[in-house]
Amino acid sequence: MEHIELFFKSIFIDNMVFATFLGMCSYLAVSKKVSTAVGLGAAVVFVLAVTVPVNWLLDQYILQPGALKWLGAEYAEYDLSFLSFIMFIATIATMVQLVEIVVEKFSPSLYNSLGIFLPLIAVNCAILGGSLFMQSREIQTIGLAFNYGISSGIGWFLAILAIAAIREKIRYSNVPAPLRGLGITFIITGLMAIGFMSFGGMLTGGDEEAPAEEKAAKIEKKEDTKEDIEVANNIKVIK
């Protein structure tokens, strides 16, 4: 259940684009065609799926305070957390280089259409954000880290795919001249973000409200009990 909840929450509720607005440069620049958006989105999913669990291992066994205790008791006091950014970015750059080599080898047309934005995945804040969110949320297992990487990538993929499909169709619409281009794209992105906010209660439902109502009922019950006791005591005094 924890894996399912994390999967849907990362895609819809904590979407990288619509919830935290990470990776907007690539999102805006490579979303003019669906085919290009699909290629870049698939690359982002792959990079996140690999880098988040790898960075989880680095965080658990190297970077956290006391993580080096597996080397011996004398290393238990070491704290290498200040190297988090360097280690995470090194891992991301390695994976991006691998993706660039594969895309250039098997799909030269996609490689040419993505242009400079394919190697720029290495500095895409959505990729680094996935690892940093994994670290800040203290994800417990490597399985959950892998789940979070894939689901965050799928969320970003759906966002860029949706905006690319809309931008292809909107070419035939009568958009006011001042809003053409990035203007209407920003407006559509904002409306989509508002729409994705509606998923906020998808997993919680009324679970958070139920304990509050039960607590209020208990408090009222206690107050009623106190009043009954006071009334009973007053009756005894009168008698």
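Trainee: Which residues line the largest pocket, and what makes them count as lining?

Mentor: In this predicted model, the lining of the largest pocket is made of Glu2, Glu5, Leu6, Lys9, Ser10, Asp14, Arg137, Glu138, Ile139, Gln140, Leu144 and Tyr148. Each counts as lining because it has an atom within 4 Å of a point of the pocket. The elements that contribute two or more residues to this lining are α1 and α7, and α1 provides the largest share, with 5 residues. The volume of the largest pocket comes to about 220 Å³.

Trainee: Glu138 is in that list; where in the chain does Glu138 sit, and why is it called buried or exposed?

Mentor: Glu138 belongs to the loop between α6 (125-136) and α7. Its relative accessible area is 58%, and exposed means over 50%, so Glu138 is called exposed. The backbone of Glu138 has a phi near 55 degrees, which is a positive value in a residue other than glycine.

Trainee: What class does Phe21 fall into, and why?

Mentor: Phe21 has a relative accessible area of 44%, a value that is neither under 20% nor over 50%, and therefore Phe21 is called partly exposed. Its place is in the loop between α1 and α2, and Phe21 has a positive phi of about 55 degrees although it is not a glycine.

Trainee: Why is Asn55 called buried or exposed, and what does its side chain join?

Mentor: Asn55, which is found in helix α3 (residues 34-63), has a relative accessibility of 0%; buried means under 20%, so Asn55 counts as buried. Its side chain is joined to that of Thr91 by a polar contact of 3.2 Å, and that name applies because the limit for such a pair of N or O atoms is 3.5 Å. With neighbours within four places in sequence left aside, the contacts of Asn55 are Met87, Phe88, Thr91, Ile92, Ser131 and Met134.

Trainee: Thr91 and Phe88 are among the buried residues of α4; what makes the span of α4 agree with expectation?

Mentor: Helix α4 (residues 84-106) has 23 residues, which at 1.5 Å a residue should span 33 Å, and since its end C-alpha atoms are 33 Å apart, the two values agree. The buried residues of α4 are Ser84, Phe88, Thr91, Ile92, Met95, Val96, Val99, Glu100 and Val103, and these pack against α3, α5 (108-114) and α6.

Trainee: Gln135 lies in helix α6; why is it put in its accessibility class, and which residues does it contact?

Mentor: At 24% relative accessibility, Gln135 is not under the 20% limit for buried and not over the 50% limit for exposed, so Gln135 counts as partly exposed. Apart from neighbours within four places in sequence, Gln135 is in contact with Asp59, Ser84 and Phe88. The side chains of Gln135 and Asp59 make a polar contact at 2.8 Å, a value that meets the definition because it is within 3.5 Å. The C-alpha atoms of Gln135 and Val52, which are 83 residues apart along the chain, are separated by 9.3 Å.

Trainee: What makes Ile11 count as buried or exposed, and which residues does it touch?

Mentor: Ile11, in helix α1, has a relative accessible area of 4%, and as buried means under 20%, Ile11 is therefore buried. Not counting residues up to four places away in sequence, Ile11 touches Ser151, Ile154, Gly155, Leu158 and Phe196. The C-alpha atoms of Ile11 and Trp156 are 7.7 Å apart, with their positions 145 residues apart along the chain.

Trainee: Phe196 is one of the buried residues of α8; what covers those residues?

Mentor: The covering includes α1 (2-13), α2 (24-29) and α7 (142-170). Along with Phe196, the buried residues of α8 are Ile184, Thr185, Ile188, Thr189, Met192 and Ala193. Helix α8 (residues 182-197) has 16 residues, and its reach of 22 Å from first C-alpha to last is close to the 22 Å expected.

Trainee: How many helices and strands does the protein have, and where does the UniProt record place transmembrane regions?

Mentor: The secondary structure comes to 9 helices and 0 strands. The unreviewed UniProt entry places the feature "transmembrane region" at residues 6-30, 37-58, 78-103, 110-133, 145-166 and 178-199. Residues 37-58 are 100% helix in the model, with end C-alpha atoms 31 Å apart, whereas residues 78-103 are 77% helix, with end C-alpha atoms 40 Å apart.

Methods. Residues numbered from 1 in each chain as written. Predicted model: local features only at pLDDT ≥ 70, side-chain atom pairs only at ≥ 80, totals over all residues. Heavy atoms only, no water. UniProt positions renumbered as here; feature names shortened; annotations may be inferred. Helix = DSSP H or I, 4+ residues; strand = E, 2+ residues; numbered from the N terminus. Expected span 1.5 Å × (residues − 1). Buried < 20%, exposed > 50% of the residue type's maximum accessible area, 1.4 Å probe, protein only. Contact = heavy atoms within 4.5 Å. Polar contact = N/O pair within 3.5 Å; in protein donor to acceptor, adjacent residues only side chain to side chain. 1 Å grid on protein atoms, 1.4 Å probe; cavity = no way out; pocket = protein on both sides within 12 Å on 5 of 7 lines; lining within 4 Å. Points joined across faces, edges and corners; volume = space filled by probe spheres on them.
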